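Trainee: Please take one part of this model and look at it closely, setting it against the chain as a whole before you turn to individual residues.

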Amino acid sequence: MKKLIVNADDFGLHEEINKAIIQGYQTGCITSTSIMPGGGAFAEAVSLSLQNPRLGVGIHLTLVGADPVSEAVAVPSLVDDQGQFFSNYQIFLKRFISGKIALTDIRRELTGQIEKVLSSGITVTHLDSHQHLHIVPGIIDIVLHLARHYKIPALRIPDEPYGFTAGYPVRPGRLLGRTGLSFLARLARRRARAEGMLVPDHFFGMLAGGDMGESHLLQVLEHLPEGVSEIMLHPGYNNSRLNKTFFWNYHWEEEYAAAISEKIRQTLVNQQICLLSFGDLKDG
C-alpha cells in the first residue's frame, strides 16, 4: 500500500509561509508541517496550529540561518558576532568538522527549541531540521537522545533515492550534495529504527527542494513506491517578499500552487495513495 506524508517546512518562519501552509492543509494535500522555534512568526504559527488540531506538527530543529532561542552567551560556538546562527550549513559544517562547534552548545540549544514548542501546547509528531543537520554524525546522537527524553516518536530521514530526479534539471553540485545527504540519512535510519523510533520508508524533495512545482510533484506521485513516503514542500505566498527576506531563491508560490492543485488531488486518488501525517505512523 502507498502511504504519503506531505510535510511543509518552515512553519513559523514568516507570516506568508504560515498562511500558505494552513491553506495548503485546509484545501490541498499538506498533512504535516514543521514549526521553527526561532522563527519570526512562531507565535502566529502556534495559534494557527491550535486552531487546526488535525494538522500534524513536528519541530524544525534549527542551527543555521536564524536566531537561537538560547541567549547567545549560552551557546557561543553556534553564533556569530551579532549573536545569530551562521548563515548556512556550509559554514556550520566547516566549523563543526574543525572542532569549533561544541556539542554541549548544540544540546543546550536543541533542548531549548523542543521545550519552547512543547510549552506552547502543541502535540509534537516528529523531529526534522533546517538544512537536514539533524542527521550529521554526532548531532544525530543528540537528536535521538532528546527524542527519547521528550517522548517524540518519529524522525524525518531525508534519504532521497540516488538516481531519482522527478524530471528536475540535475546540477552536479546539488546532485553531489544529495548523494552525501542520502548516505548519512541511511545511517541515521538504521540508528533511529534500532532505538525504536518511527521513520518513513522513503523521502522525496531534496533535489527539487524549493522548486517542487506541480510537474515535479506529479512525477514523484506517479513513481511513488510501496510503503510510507514523505514529500517535503516549502509553500508560501508572495515570492518577491519572501526572497527579499531570505536568500534561498525558493519558488514558494509554485510549491503552494502544487499543494492545492486539483491535478495533484486527482492523481492521489488515481494512484490510491493514502495521506497521513507523522502522528499516524504509530497506528501502522
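Mentor: Let me begin with burial: a residue is called buried when its relative accessible area is under 20%, exposed when that area is over 50%, and partly exposed in between, using a 1.4 Å probe and protein chains only. By that criterion, 56% of the 284 residues of the protein chain count as buried. The model is a predicted one, in which local features need pLDDT of at least 70 and side-chain atom pairs count only at pLDDT 80 or more, whereas totals for chains, interfaces and linings use all residues. Residues are numbered from 1 along each chain as its sequence is written, and side-chain values use heavy atoms, with hydrogens and water left out.

The protein chain contains ten helices and eight strands, these being DSSP runs numbered from the N terminus, with helices (H or I) of at least four residues and strands (E) of at least two. Its radius of gyration is 18 Å, close to the 19 Å given by the globule rule for 284 residues, so the chain is as compact as a globular protein of that length; the radius is taken over C-alpha atoms, and the rule is 2.2 Å times the number of residues to the power 0.38. Along the principal axes, the C-alpha atoms fill a box of roughly 55 × 40 × 35 Å. With contact defined as heavy atoms within 4.5 Å, 76% of the contacts between residues at least 6 apart in sequence join residues that are at least 24 apart. The chain exposes about 12,000 Å², of which carbon and sulfur atoms supply 54%, the areas coming from the Shrake-Rupley method with a 1.4 Å probe.

The part I would choose is helix 9, which spans residues 252-259 and whose buried residues are Trp252, Glu255, Tyr256, Ala258 and Ala259. They lie on the same side of helix 9, because the arc they cover around the axis is only 160 degrees, where the arc is that of the directions from the helix axis to the C-beta atoms. As a general point, an α-helix has 3.6 residues a turn, so residues three or four places apart point the same way.

What covers these buried residues of helix 9 comes from several parts of the chain, including strand 1 (2-11), helix 1 (15-27), helix 7 (214-222), strand 7 (227-233), helix 8 (239-245) and helix 10 (262-270). Helix 7 deserves a look from its own side: its buried residues are His216, Leu217, Leu218, Val220 and Leu221, and they pack against strand 1, strand 6 (202-204), strand 7, helix 9, helix 10 and strand 8 (273-275).

Strand 7, which is named among the cover of helix 9, also holds Gly227. At 19% relative accessibility, Gly227 counts as buried, and, residues up to four places away in sequence not being counted, it touches Met1, Lys2, Lys3 and Asp201. Its C-alpha atom is separated by 10 Å from that of Ile273, 46 residues away along the chain.

Helix 10, also part of that cover, is joined to strand 8 by the loop in which Gln272 lies. Gln272 has a positive phi of about 55 degrees although it is not a glycine, and its relative accessibility of 66% makes it exposed. Lys151, in the loop between helix 5 (139-149) and strand 5 (154-155), likewise has a positive phi, near 55 degrees, in a residue other than glycine; Lys151 counts as exposed at 71% relative accessibility.

For a second helix to set beside this one, consider helix 6 (residues 172-194), the place of Phe183, where Ala185 is also found. Ala185 is buried, with a relative accessible area of 0%, whereas Phe183 counts as partly exposed at 47% relative accessibility. Leaving aside neighbours within four places in sequence, Ala185 is in contact with Ile135, Ile157, Pro158 and Asp159; Pro158 is 27 residues from it in sequence and 5.7 Å away in space, C-alpha to C-alpha. Phe183 and Ile135, for their part, are 48 residues apart in sequence and 9.9 Å apart between C-alpha atoms.
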